[in-house]
Amino acid sequence: MPTSTKFTTIKSLPSPKGNFLLGHLPQFNVSNKHQVLERWVDECGDLFKINFIGKEFVVSANPELNAEILKLRPEKFRRFSKINEILTEMGIVGVFNAEGDSWKRHRKPTSEALNLKKVKGYYPTISKTTKELLNKWKTYAENSTEVDIQKELARYTIDITTTIAFGYKLDTLNHKEDDFQKHLELIFPMVNERITAPIALWRIYKQKKDKALDHSLKTIEKIIHQFIKEAKERLTTTPELKENPSNFLEALLVEQENENTFSDDEIYGNVFTILLAGEDTTSNSISWALYYLAQHPGVVVKVRQEAKEIYSDSLVPETTQLLHKLKYANAVAQEAIRLKPVTPNLYMQANEDIVLYNLHIPKDTSIMLQNKVAQTSEQYFSNPNDFIPERWLKSGCPMQQNHTPDTIKAFGGGARFCPGMNLAMHEMTIAISAICNQFDFSLAVKPEEVKEQFAFTMFPENLILKLKTP
Ligand code: HEM
């Protein structure tokens, strides 16, 4: 980070070794892009530039600069304009890709639908779905089945999110709507691929994967439109719902009727956004927590002890009051998020010329915020690569001298920080506590065979667990 009063220009920033013509594109054109960025941070420090066939990007792994950029939205910075271009092309126009005043219009009902009070109202859905997950996993434990945890947890979060978003549970946990999950699974990797593609080849010629994406988008669109139709009918037959909408979709439709704020396409886009934003992120975060727990049986025992003390013989904590007492399970969730943030990079673009920390950033500069490196740096956390949930407890761990939670940007920052954070933390805490309470588990593969993969979110590939009843 430049500290002198002299301005630094992007031109003068260091750059990793690249190809003369293609720049850094060949190295970045891999499925673990986030790790390539981490290697470049090692090579060049926390502020550098890269280019893809001449198009320049700044990469910042500096937590202060990153926090400032996040804070200066929506006025001075926005997401990469390519994100909006790609999502709009897919028919998704919602809060994640909206900008400026349009973003404020989209953000208001989204924040309201996901505020703490609403999340408390969703808790019966969360606890019921958690019980269904446990019942299903009991069979796995009895039959010594090896379980692909990431896929299982994706079903868990889809069931919760669809109930919250449309008031209709797809029941993917019991394989009733397997297709839906398969279609949803395709979207994120393709968004990821297209955002960083130097040429929009799919607009010239559609490969098999592009056709598969079109088919998935059409299928999901049909399902969501059916839900919109049903919700509109409910609001007509039960007008009381207009005063007190029972889910996100109804709330958007009431807003549309009262304020004429949303088009039908925007309602569709926002429901799709919530589905996408709420599913992979949370299920991958719980998966990473289980990855660490499987290697730390002592921590599992502590989570179980806490569960027994707080909700004794119940399957799950039945109220949010009980859930909030699960300090240790919550610490496990926070530690997993610190070590394996599922959104390690955020992509921003300057709306105008600006100078930050003496760096002159011209209008339209694209900046990749690499947030993971700081979260696992000795400068901000002692024993940064070790899984130590105790560091999050008030009494703390005497071995932890450095502890800087503000460095963590796993949920973003500023006015656009993740509105689903409360919901995600409720889901993570209940799942971690209840799973540890009911099962012992171990990795069915070697830890090094579980790989970080990045497809817009970072997920553990090959996370196979063996479950046992303790
Ligand atoms: C552990 C789980 C989750 C993680 C790590 C996560 C992370 C993030 C991050 C990093 C952002 C970008 C924030 C920024 O630009 O500053 C974001 C945005 C967003 N998230 Fe989450 N998220 C999670 C769960 C959820 C859930 C459960 C929902 C809803 C059901 C949700 C809905 C959203 C929405 C709508 C946005 C866009 C906000 C905006 O642009 O104003 N997220 N999330």
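In this predicted model, N29 sits in the loop between α1 (25-28) and α2 (33-44). N29 counts as partly exposed, because 15 C-beta neighbours lie inside 10 Å. Although N29 and T196 are 167 residues apart along the chain, their C-alpha atoms are separated by 8.3 Å.

**Backbone outliers**

Most residues other than glycine have a negative phi, and most peptide bonds are trans. Three places in the model depart from this pattern. The peptide bond from R73 to P74 is cis, with omega near 0 degrees; P74 belongs to the loop between α3 (63-71) and β4 (77-79). The other two places are residues with positive phi, F456 and N462.

| Residue | Phi | Loop | C-beta neighbours within 10 Å |
|---|---|---|---|
| F456 | about 75 degrees | between β11 (451-455) and β12 (457-461) | 20 |
| N462 | near 75 degrees | between β12 and β13 (464-468) | 14 |

Is F456 buried or exposed? With 20 other C-beta atoms within 10 Å, F456 is buried. N462 has 14 such neighbours inside 10 Å and so counts as partly exposed.

**Sheets**

Strands of a sheet pair through backbone hydrogen bonds, either parallel or antiparallel. One open sheet of five strands has mixed pairing and the order β2-β3-β9-β6-β4. Its edges are β2 (47-52) and β4; each has a single partner strand, so one side of each has no neighbour in the sheet. From one strand to the next, the twist averages 35 degrees. Within this sheet, β6 (residues 345-350) and β9 (residues 366-370) run antiparallel and are joined by five bridges. L346 has L369 in β9 as its bridge partner. Helix α3 lies across β3 (55-60), β4, β6 and β9, and runs at about 125 degrees to β9.

A second open sheet, of three strands, has the order β1-β8-β7, also with mixed pairing. Here β1 (8-9) and β7 (354-356) are the edge strands; since each has a single partner strand, one side of each is left without a neighbour in the sheet. The pairing of β1 with β8 (residues 359-361) is parallel and runs over two bridges. T9 stands opposite H360 in β8.

**Helix packing**

Helix α12 (residues 297-311) packs against α16 at an angle of about 100 degrees, and their axes are 8 Å apart. The two helices, α12 and α16, are therefore roughly perpendicular to each other. On the α12 side the contact is made by V300, V303, R304 and A307, and on the α16 side by I432, S433, C436 and N437. By class, the residues of this contact are five nonpolar, two polar and one charged.

**Ligand surroundings**

Which helix gives the most to the shell around the ligand? That helix is α11, with seven residues. The shell is formed by 28 residues, and the closest to the ligand are G278, T281, G412, C418 and G420. At least two residues of the shell come from each of α5 (100-113), α11 (264-293) and α16 (421-438). Helix α16 thus appears both in the shell around the ligand and in the packing with α12. The shell divides by class into 15 nonpolar, 11 polar and two charged residues.

How values were computed. Residues are numbered from 1 along each chain as its sequence is written. This is a predicted model: local features need pLDDT of at least 70, side-chain atom pairs count only at pLDDT 80 or more; totals for chains, interfaces and linings use all residues. A residue is near a molecule or strand if its C-beta atom, placed from the backbone, lies within 6 Å of it. Helices (H or I, at least four residues) and strands (E, at least two) are DSSP runs, numbered from the N terminus. Ala, Val, Leu, Ile, Met, Phe, Trp, Tyr, Cys and Pro count as nonpolar, Asp, Glu, Lys and Arg as charged, and the others, Gly among them, as polar. Two strands pair if DSSP finds at least two bridges between them. Axes are lines fitted to C-alpha atoms, for helices over the stretch in contact, and angles run from 0 to 180 degrees between N-to-C directions. Angles under 35 degrees count as roughly parallel, over 145 as roughly antiparallel, 65 to 115 as roughly perpendicular and the rest as oblique. Two residues are in contact if their C-beta atoms, placed from the backbone, lie within 7 Å. A residue is buried if 20 or more other C-beta atoms lie within 10 Å of its own, exposed if 12 or fewer, and partly exposed in between; C-beta atoms are placed from the backbone.
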